[in-house]
Amino acid sequence: MDTPFRATCPPLDRAMKCYSEVGASSCARRAGVALKTLLAGVETSLWPEVAWRFSDLTRDGFPVELGFTSTDEDIRYVCEVAGPETDASLRLERALASLKSLGSPQCSLPLLESLTALQLNSSLGYGAWVSGRHRNNTDIFKLYVEVPEWPSADLSHFVNETLGRPFVPPAQSLSLRMIGIELVTGRRELYFRAASLERWEVGRLMGHLDLSHRTAELLDLVDVVVQQPHRERFAGGQVGFSLSRREGHPHGTFSLFMIARNVLGGDAKIRQRILEVAKVRGWPMDRYAAISHPLVDRYGPRTHHQMVSFVIGSTGPPTLHIGLRPPV
């Protein structure tokens, strides 16, 4: 497969080839075209010496993170929408312009006005990101919008409106970091970061989505993958979670995030553990195995793996998601 990134970005070039070689040639072509559009500002940056290493998405600043999940083998990624010289306050506008050029549905005007107002006159780091998911003949995009320091009256109103009820935060130090908008369905996702989180608090958080009855299933998957002893507080320090809900639907989706390196070790150990569990549970992870293969002997503290996530909705088993900076 001839990919769009051969000269400018060997890691992405290799990833697209791997996808093609394991049965996703059509999806890989469409993903390559979409990434080429989304990363146009990075490829043509006025600061080429830092353009591929400035991002907050990954530990070494690479502006793309690939995603893999236990439910399917769709091509997934999150990426920057402009080069490092573009001010964070302009990145939401750039993201929307790129999405429009890709034929994606757009945010409703009231929602866009709310998101713009939240960022107005605020100190921002990255402004906005975009994710893509490519399967069969379908391309789905999601907008991620950075939010300023929380709590604030406007932001609290947005949170309560999204959940359809008042949000009661856990006792630990908490910050709302980002809002995700699934552009096809309008589903909103609220991403929080906690200094630490106790296990009993997960059930209370899931209660905001009427999912508290599924707490034990989610925590069982965490214990299987992470192999941590049963304890009140999660190992690995900082924990994140998200609450996702579509307007008019009583149930939502809850996600628990951990830094993969903190709970599973170096890249080789992370990869080995995920593939061990995948084999036992019958997860479709062949594409993850192929793309992560260069990490099979990498044991150092600097990892290509990013967050490991544990996700559960109102139906179906809990699932795992792993983020990966594409290796060379």
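**Helix α1 and its surroundings**

The buried residues of helix α1 are P11, L12, D13, A15, M16, C18, Y19 and S20. The model described here is a predicted one. Helix α1 itself runs over residues 10-21, 12 residues in total, and its first and last C-alpha atoms are 16 Å apart, close to the 16 Å expected at 1.5 Å a residue. An α-helix has 3.6 residues a turn, so residues three or four places apart point the same way. The partners against which the buried residues of α1 pack are two helices, α2 (25-38) and α11 (286-291), and two strands, β1 (64-69) and β2 (75-79). Just after α1, a positive phi of about 90 degrees is found at G23.

One of the contacts between α1 and its neighbours can be followed through aromatic rings. Nine aromatic pairs are counted in the model. Among them is the pair of Y19 and F68, which is stacked, with 6.4 Å from centre to centre and 25 degrees between the planes. Because Y19 belongs to helix α1 and F68 to strand β1, this pair ties together parts that are 49 residues apart in sequence. Y19 counts as buried, as its relative accessibility is 1%, and F68 is buried too, with a relative accessible area of 5%. Elsewhere, a single aromatic cluster is formed by F167, F192, F241 and F254.

The loop between β1 and β2 adds a charged residue to the picture, for it is here that E73 is placed. E73 is buried but has no salt bridge; R287, the nearest side chain of opposite charge, is 4.3 Å away. A salt bridge requires a distance within 4 Å between the charged atoms, so the pair is not counted as one. The side chain of E73 does, however, reach the backbone nitrogen of D286, at 3.4 Å. Leaving aside residues up to four places away in sequence, E73 touches P284, M285, D286, R287 and Y288. Helix α11, which spans 286-291, is also one of the elements against which the buried residues of α1 pack.

On the other side of β1 in sequence, the loop between α3 (40-43) and β1 holds T58. With a relative accessibility of 6%, T58 counts as buried. Its contacts, again without residues up to four places away in sequence, are V64, E65, Q306 and R325. The C-alpha atoms of T58 and M307 are separated by 9.7 Å, although the two residues are 249 residues apart along the chain.

Conventions
Residues numbered from 1 in each chain as written. Predicted model: local features only at pLDDT ≥ 70, side-chain atom pairs only at ≥ 80, totals over all residues. Heavy atoms only, no water. Helix = DSSP H or I, 4+ residues; strand = E, 2+ residues; numbered from the N terminus. Expected span 1.5 Å × (residues − 1). Buried < 20%, exposed > 50% of the residue type's maximum accessible area, 1.4 Å probe, protein only. Contact = heavy atoms within 4.5 Å. Lys, Arg positive; Asp, Glu negative; His and termini not counted. Polar contact = N/O pair within 3.5 Å; in protein donor to acceptor, adjacent residues only side chain to side chain. Phe/Tyr/Trp six-rings, centres within 6.5 Å; stacked < 30°, edge-to-face > 60°.
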